[in-house]
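Here's a quick tour of the open space in this protein, with a short stop at one of its strands. Have a look at the structure first.

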Amino acid sequence: MRVLASAPAKIILFGEHSVVYGKPAIAAAIDLRTYVRAEFNKNGRIRIEAKDIRTPGLTVSFSEDQIYFETDYGKAAEVLSYVREAINLVMEETGKQKGVTVSITSQIPVGAGLGSSAAVAVATIGAVSKLLDLELSNAEIAKLGHKVELLVQGASSGIDPTVSAVGGFLYYQNGSFESLPVVELPIVVGYTGSSGSTKELVTKVRKSFNEMPEIIDPILSSMGKVVEKAREIILAEYNKEIKFELLGRLMNINHGLLDALGVSTKSLSDLVYASREAGALGAKITGAGGGGCMYTLAPGKQSEVATAIKIAGGMPMVTKISREGLRIEDIVQ
Ligand code: PMV
């Protein structure tokens with residue numbers, strides 16, 4: 001028997017960093033997916049094959065008639081530890097130890113703040129549990145995905161595996177989640193090609209907060225209010241134009257507040273301004289900042305904005321919101 005499962009990437013639409021201080025955040029699944037194929041093998045071992053995972057920093061060098069490819073094996077190895085823990089957890093749940101081969105292909109760049117680790121964990125849990133005939137709901141798979149993150153990285157809010165397993169829009173505050181109605185957002189994600197360390201950036205904001213609470217606290221509160229306003233807009237039946245225009249303005253405000261916290265970089269801001277000049281209604285960092293990704297809201301202007309991102313030195317990804325989270329793509333008996 002062979003099972004193919006897939007799980008989507010996520011972006012934080014509003015509220016990164018302020019969410020660490022108990023404010024709400026809104027995240028969404030996007031249509032970039034990690035695919036995991038699981039099948040039984042005869043040698044009784046767990047085997048993991050990473051066929052095509054997008055790790056940053058691929059270098060190609062030439063000498064005489066030789067071509068050398070180098071990639072960041074540290075990042076690739078990190079991905080595999082999520083897969084291993086995911087398989088272990090499913091086997092523990094079933095009480096069965098079997099030889100399983102898992103192969104991974106992914107459209108989600110690793111280390112870009114798009115939730116690639118959570119997606120690979122969720123897709124692995126989905127594929128292996130189906131293979132072992134263990135019935136799990138997507139909410140249960142989200143919980144196991146959160147457990148995998150805790151085992152591998154020590155701390156996690158659980159927002160990434162939940163969005164990846166459940167799909168759509170998620171409003172999050174202090175560990176509780178609420179699914180919001182899905183609004184089709186014409187977005188473009190821009191990847192700077194480098195990655196920031198979430199841990200270091202969270203520490204940097206904490207330091208400013210401790211040193212100047214009277215200045216940082218109002219910024220975090222404003223961010224919380226931006227999220228509440230965005231939630232109202234998503235829940236309300238505004239006509240499309242007003243909704244996009246207002247959401248775009250809120251994105252720009254949220255970006256300015258993140259910049260004030262010191263988590264933007266020149267390359268992130270270059271992509272943000274290039275997108276706005278190319279006609280995006282809003283553009284902001286998504287995730288921790290310090291590198292990684294930004295996203296734009298660009299109704300009717302997605303290809304212009306994608307070109308502007310490319311010219312400004314980024315990698316554009318024209319994508320849409322994914323209503324579906326974990327998906328079983330194929331089962332071969
Ligand atoms: O690194 P990312 O893209 O998953 O984003 C982290 C979001 C933060 O709010 C900065 C940290 C957190 O734990 O919520």
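What follows covers two pockets and then a strand with its partners.

Keep in mind that this is a predicted model.

**The largest pocket**

Start with the largest pocket, which holds about 1,300 Å³ of space. Its lining runs to 41 residues, and the ones closest to the pocket centre are Q153, D160, T198, K199 and A288. Which elements supply two or more residues to that lining? They are β1 (2-14), α1 (73-94), α2 (116-131), α3 (138-153), α4 (159-166) and α5 (198-211). Two domains take part here: domain 1 (2-180 + 322-332) and domain 2 (186-319) each put at least three residues into the lining.

**The second largest pocket**

Next comes the second largest pocket, with about 160 Å³ of space. A139, A142, K143, H146, S157, G158, T162, V166 and F177 make up its lining. Here α3 and α4 are the elements that contribute two or more residues, and α3 has the largest share, at four residues. Those two helices also turn up among the contributors to the largest pocket.

Here's how the chemistry of the two linings breaks down:

| Pocket | Nonpolar | Polar | Charged |
|---|---|---|---|
| Largest pocket | 15 residues | 19 residues | seven residues |
| Second largest pocket | four residues | four residues | one residue |

**Strand β7 and its partners**

Now for β7, which spans residues 169-173. Is this strand mostly covered or mostly exposed? It's mostly covered, with four of its five residues buried.

β7 pairs with two strands. With β2 (residues 25-40), β7 runs antiparallel, and four bridges link the pair. One contact to look for is F169 in β7, the bridge partner of A28. With β8 (residues 176-180), β7 is again antiparallel, this time over five bridges. Try finding S179 in β8, which is the bridge partner of L170.

β7 and β8 form a hairpin with two residues between the strands. What does the backbone do at N174? In this hairpin, N174 takes a positive phi near 45°.

One last thing to spot while you're in this part of the model: F177, listed above in the lining of the second largest pocket, falls within the residue range of β8, 176-180. So if you're tracing the hairpin, you can go on from β8 to the second largest pocket by way of F177.

How values were computed:
Residues numbered from 1 in each chain as written. Predicted model: local features only at pLDDT ≥ 70, side-chain atom pairs only at ≥ 80, totals over all residues. Heavy atoms only, no water. 1 Å grid on protein atoms, 1.4 Å probe; cavity = no way out; pocket = protein on both sides within 12 Å on 5 of 7 lines; lining within 4 Å. Points joined across faces, edges and corners; volume = space filled by probe spheres on them. Nonpolar A, V, L, I, M, F, W, Y, C, P; charged D, E, K, R; others polar. Domains from an automatic or database assignment. Buried < 20%, exposed > 50% of the residue type's maximum accessible area, 1.4 Å probe, protein only. Pairing = 2+ DSSP bridges.
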